[in-house]
Amino acid sequence: MADFTFIDLFAGIGGIRLGFEAIGGHCVFTSEWNDWSKKTYIENFGTGEMFVGDIVPFPAEEIPDHDVLLAGFPCQPFSIAGVSKKNSLGRPHGFECTTQGTLFFDVARIIAAKRPKYFLLENVKNLVSHNRGYTFKIILQTLEKELGYHVFWKIIDGQHWVPQHRERIIIVGFREETDFNWDNLVIPNQHPVLKNILHPQNGTEKAESPYTTGTQAVVHSKYTLSDHLWEYLQNYAIKQREKGNGFGFGLVTENDIARTLSARYYKDGSEILVSRGIKKNPRRLTPRECARLMGFDDTFKIVVSDTQAYRQFGNSVVVPVIKAVAAAMKPYMK
């Protein structure tokens, strides 16, 4: 009895899917190549629809008919960090990155074959400025001129919904002419702080192993930085400041908002370190706190290692942002 059907491409752990299920959609096809992400996805959504791994060799004609195409196509070839790293290694980025940069054209291939009524694509803010705007120009030209869709895009900061500064571009398309505009997007007039997502550690929350322990549900000591790592991060930050760079760790309290959570958070957690008070080493966020930071409910099951969980949430979308965009699209989805 769904209002509409959709497919979930480059699905990750299902953040975009949650947004469109919230407005009455039913998923009929999913594609995700990473085995660990697939494990988390299936644990939370089951296996009710066709599920494939790599979408590149999959024939578009075999994808079920659908009303909406959803795709958070890989952003690493276009992100500031991704471009910087590839430049330092002498590797191509953007569309020249054959492993990930050309996956947009697989989205276009499927749109051309299946002609969904609507689509939503998500990527990093830097997509707009990448390669002096040429990359984004090609994307819009493909969607509008070649495929004939009416396209609207907006850069949205997740900090209105969650305590995290996270700017992402959302591109929506309509097959038929529409009166849609971004004025219908309801942006909360609030700025949540980290206290909203951190473990209270006072017994008001039930312990969740292995993240919290005991009757007070105290954060496990393994998330506290070692003396060696904390000293290294402090020294590294000093060296960067001396060079005139702004790079270094991000120390936050419960009254702050966090930097953007990245997929590399598992390495040292340096972009978001939670203060534990004076003369105490800070700690990383737990995977459950990362889930909350991305807007996932506590009912969302985390069934992988901490390393994989950090990668998954760092690569995900802010769920309430997608829900808000889906709600803004719904009146124009006939």
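In the predicted model, Arg-17 is buried, its relative accessible area being 6%. The side chain of Arg-17 meets that of Glu-21 in a salt bridge, with an N to O distance of 2.8 Å. Both residues belong to helix H1, which spans residues 15–21, and they are four residues apart, about one turn of the helix. Glu-21 counts as partly exposed because its relative accessibility is 31%, whereas a residue counts as buried under 20%.

The structure holds 16 salt bridges in all. Side chains of opposite charge can pair when their charged atoms come close. Another of these pairs joins Glu-208 and Arg-288, whose closest N and O atoms are 2.9 Å apart. Glu-208 is in the loop between S7 and strand S8 (212–213), while Arg-288 is in helix H8 (residues 287–293), so this pair ties together parts that are 80 residues apart in sequence. Glu-208 is partly exposed at 25% relative accessibility, and Arg-288 is buried at 3%.

A further salt bridge links Arg-264 with Asp-268, with 3.5 Å between the closest N and O atoms. Arg-264 has a relative accessible area of 34% and is partly exposed; Asp-268, at 12%, is buried. Salt bridges with shared partners also join Arg-17, Glu-21 and Glu-49 into one network.

Internal space was examined next. The count gives one cavity of 30 Å³ or more, and the volume of the largest cavity is about 70 Å³. Its lining consists of Glu-122, Ile-156, Gly-158, Arg-166, Arg-168, Ile-170, Ser-316, Val-317, Val-318, Val-321 and Ile-322. Strand S7 (167–174) and helix H10 (319–329) each contribute at least two residues to this lining. By class, six of the lining residues are nonpolar, two are polar and three are charged.

The second largest pocket encloses about 300 Å³ of space. It is lined by 15 residues, of which Leu-198, His-199, Gln-201, Val-274 and Arg-283 are the closest to its centre. The lining of this pocket divides into five nonpolar, five polar and five charged residues.

On the surface, Tyr-232, Tyr-236 and Phe-247 form a nonpolar patch, and together they have about 360 Å² of accessible area. Tyr-236 is located in helix H6, residues 227–242. With a relative accessibility of 35%, Tyr-236 counts as partly exposed, because that class lies between the buried limit of 20% and the exposed limit of 50%.

Terms used:
Residues are numbered from 1 along each chain as its sequence is written. Side-chain values use heavy atoms; hydrogens and water are left out. On a 1 Å grid over the protein atoms alone, a cavity is a set of points where a 1.4 Å probe fits but cannot get out, and a pocket is an open set with protein on both sides within 12 Å along at least five of seven lines; lining residues have an atom within 4 Å of a point. Grid points are joined across faces, edges and corners, and a volume is the space filled by probe spheres set on the points. Ala, Val, Leu, Ile, Met, Phe, Trp, Tyr, Cys and Pro count as nonpolar, Asp, Glu, Lys and Arg as charged, and the others, Gly among them, as polar. Patches are made of residues with over 30% relative accessible area and no salt bridge: like charges are joined within 9 Å, nonpolar side chains (Val, Leu, Ile, Met, Phe, Trp, Tyr) within 5 Å. Accessible areas come from the Shrake-Rupley method with a 1.4 Å probe; for residues, only the protein chains shown count as cover. A salt bridge is a side-chain nitrogen of Lys or Arg within 4 Å of a carboxyl oxygen of Asp or Glu. Buried means under 20% relative accessible area, exposed over 50%, partly exposed in between (1.4 Å probe, protein chains only).
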